[in-house]
Each structure stands twice: as C-alpha cells, then as structure tokens.
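I opened my notebook to look up two things: how a pair of helices packs, and what lines the pockets.

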Amino acid sequence: GWWTLAGTKMSKSLGNAIDPMGYAATYGPDALRWFLMREMAVGQDAEFSDERFRARYDADLGNEWGNLLSRTLTMIGKFSEGRVPEPEHELGGPTEPRELAGVLLTALPGLVDDVAFHRVGEDVQGLLRAGNRLVDATQPWKLAKDPAKAGLLRDVLYTLAETCRIAATALSPILPEQAPEALRQLGVTPPTDLRTSLIWGGLVPGTVTAKAEVLFPRIETKPS
C-alpha cells in the first residue's frame with residue numbers, strides 16, 4: 001500500500017518519499033523497525049511523519065520499555081544486591097503482568113501466522129505498561145523500608161524482571177540489537193526457542209544483573 005504524509009500520498013515519482021536510512025542512522029535501526037511494526041499493518045495504508053515517529057519513539061521505547069527496564073535493574077541493584085530475588089510466592093504470585101504474559105504466549109503463534117506484527121507490538125506494549133503500573137502501585141522503594149514487606153518486595157522485583165525478560169524475548173526478532181542487550185542486562189542469554197522462552201518463570205532467582213544502561217534515550221536528549 002501507499003504511505004501517506006500529512007494526508008498526502010508519498011512515492012518516489014512525487015518526490016516526497018522519506019528516506020528511512022536517515023531515521024535508522026539517527027535513532028537506530030531498531031527504533032525504525034519498531035515504528036514500522038506499530039504503525040503499519042501489512043497490506044494496509046499507513047501514515048508517516050517526523051512528529052508521529054518521535055511521539056511513538058518517546059512514548060513506547062523511551063517511556064514504557066526503556067523506563068521499565070531501567071527502573072527494574074536499578075531497584076534490583078539497590079534492594080537485592082544486583083541479583084534477581086527469590087520470590088516469596090511461586091513465580092511472584094498472580095499479577096497483571098503475569099496474566100498478560102500468558103495471553104501473549106497463547107496469542108503469538110496466531111498473530112505471526114496472520115502476519116499481524118502490529119498486534120504483537122500492541123500486546124508487548126500492554127505488558128510493559130502493566131509492569132510500570134505495578135511499580136507505581138507498589139512503590140518498591142517504600143516496601144524496602146518496611147522489613148514486614150520484604151516478601152512482597154521480592155515478589156514485585158521478580159515480577160518486574162520477568163516482565164522485562166519476556167518483553168525482550170518476544171521482541172528479539174524485531175529488535176535484534178536492543179532486545180539482546182536488554183537480556184544481557186538482565187543476566188539472560190538470547191533465546192534459542194522463542195515459544196519456550198516466553199513461558200513465565202524462566203528467570204532463575206539469583207541471576208546476576210548488570211547496571212542499567214539506557215537503550216532508547218528520549219529524543220529531546222539527543223544532539224540536534
């Protein structure tokens with residue numbers, strides 16, 4: 001299908017085509033892949049603008065994905081000596097991220113068969129949003145001040161780390177540079193069997209994590 005820019009059809013012959021290599025060079029090829037997957041359903045018209053790209057980059061990659069990974073690794077470093085904690089309840093107990101990870105595991109084969117990669121992006125993004133909501137709801141930095149909440153803190157930290165692992169695993173075919181880097185920071189090797197690796201509970205307690213490094217710095221922090 002055609003791309004449209006601000007309501008105008010784009011093509012080489014019209015002289016208004018956008019050079020994707022410029023975006024890949026500035027923001028990284030993974031950021032461009034993410035935008036294409038999230039915004040452009042296969043076989044349908046799509047719209048591209050610089051403003052739309054920047055908004056998607058900051059909202060998804062900066063605020064949700066990068067933010068959750070950074071928060072998680074920082075808190076594990078501060079409150080669990082840099083190791084994935086042993087949860088008090090099995091696999092961190094029942095939580096919204098765990099439930100959504102199960103939904104993703106079930107839905108993924110059908111979405112891939114239907115070439116519905118934009119839906120894969122939506123489901124992973126929903127998982128990441130649930131992880132950030134869990135941080136806001138439980139406030140682990142407050143739990144860490146109360147010895148009676150130590151078990152809950154371990155559950156939350158394990159759940160957050162597993163949320164990040166599953167998100168990075170699901171995105172590894174789409175973000176071949178940054179997803180493996182996220183897994184490295186979590187102390188995990190890239191998956192050899194994608195479906196098996198998406199099963200909740202694959203992260204082993206005691207795994208040594210790395211210091212958080214920003215995967216997708218917000219656009220306004222980039223040099224102009």
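Before listing anything, I noted what a pocket is: an open set of grid points with protein on both sides within 12 Å along at least five of seven lines. Lining residues have an atom within 4 Å of such a point. I also kept in mind that this is a predicted model.

**Entry: the largest pocket**

I looked up its volume and found about 190 Å³. I then read off its lining: Leu 105, Leu 108, Pro 109, Val 112, Phe 117, Val 120, Ala 170, Pro 173, Ile 174, Leu 194, Arg 195 and Leu 198. I sorted these residues into 11 nonpolar, no polar and one charged. Which helices each supply at least two of them? I found H4, H5 (117-138) and H9 (194-197). H4 gives the largest share, four residues.

**Entry: H4 against H7**

I turned to H4 (residues 96-113) and its packing with H7 (residues 150-171). Their axes lie 10 Å apart, at an angle of about 20 degrees. Angles under 35 degrees count as roughly parallel, so H4 and H7 are roughly parallel to each other. The crossing of H4 past H7 is left-handed. On the H4 side, I noted Pro 97, Ala 101 and Leu 104 in the contact. On the H7 side, I noted Thr 159, Thr 163, Ile 166 and Ala 170. I counted five nonpolar residues, two polar and no charged in this contact.

**Entry: the second largest pocket**

I found a volume of about 150 Å³ here. Its lining has 13 residues. Gly 62, Gly 66, Asn 67, Ser 70 and Val 214 lie nearest the centre. I sorted the lining into six nonpolar, five polar and two charged.

Definitions and conventions: Residues are numbered from 1 along each chain as its sequence is written. This is a predicted model: local features need pLDDT of at least 70, side-chain atom pairs count only at pLDDT 80 or more; totals for chains, interfaces and linings use all residues. Side-chain values use heavy atoms; hydrogens and water are left out. Axes are lines fitted to C-alpha atoms, for helices over the stretch in contact, and angles run from 0 to 180 degrees between N-to-C directions. Helices (H or I, at least four residues) and strands (E, at least two) are DSSP runs, numbered from the N terminus. Angles under 35 degrees count as roughly parallel, over 145 as roughly antiparallel, 65 to 115 as roughly perpendicular and the rest as oblique. A crossing is left-handed if the near helix is turned anticlockwise from the far one by less than a right angle, and right-handed if clockwise. Contact means heavy atoms within 4.5 Å. Ala, Val, Leu, Ile, Met, Phe, Trp, Tyr, Cys and Pro count as nonpolar, Asp, Glu, Lys and Arg as charged, and the others, Gly among them, as polar. On a 1 Å grid over the protein atoms alone, a cavity is a set of points where a 1.4 Å probe fits but cannot get out, and a pocket is an open set with protein on both sides within 12 Å along at least five of seven lines; lining residues have an atom within 4 Å of a point. Grid points are joined across faces, edges and corners, and a volume is the space filled by probe spheres set on the points.
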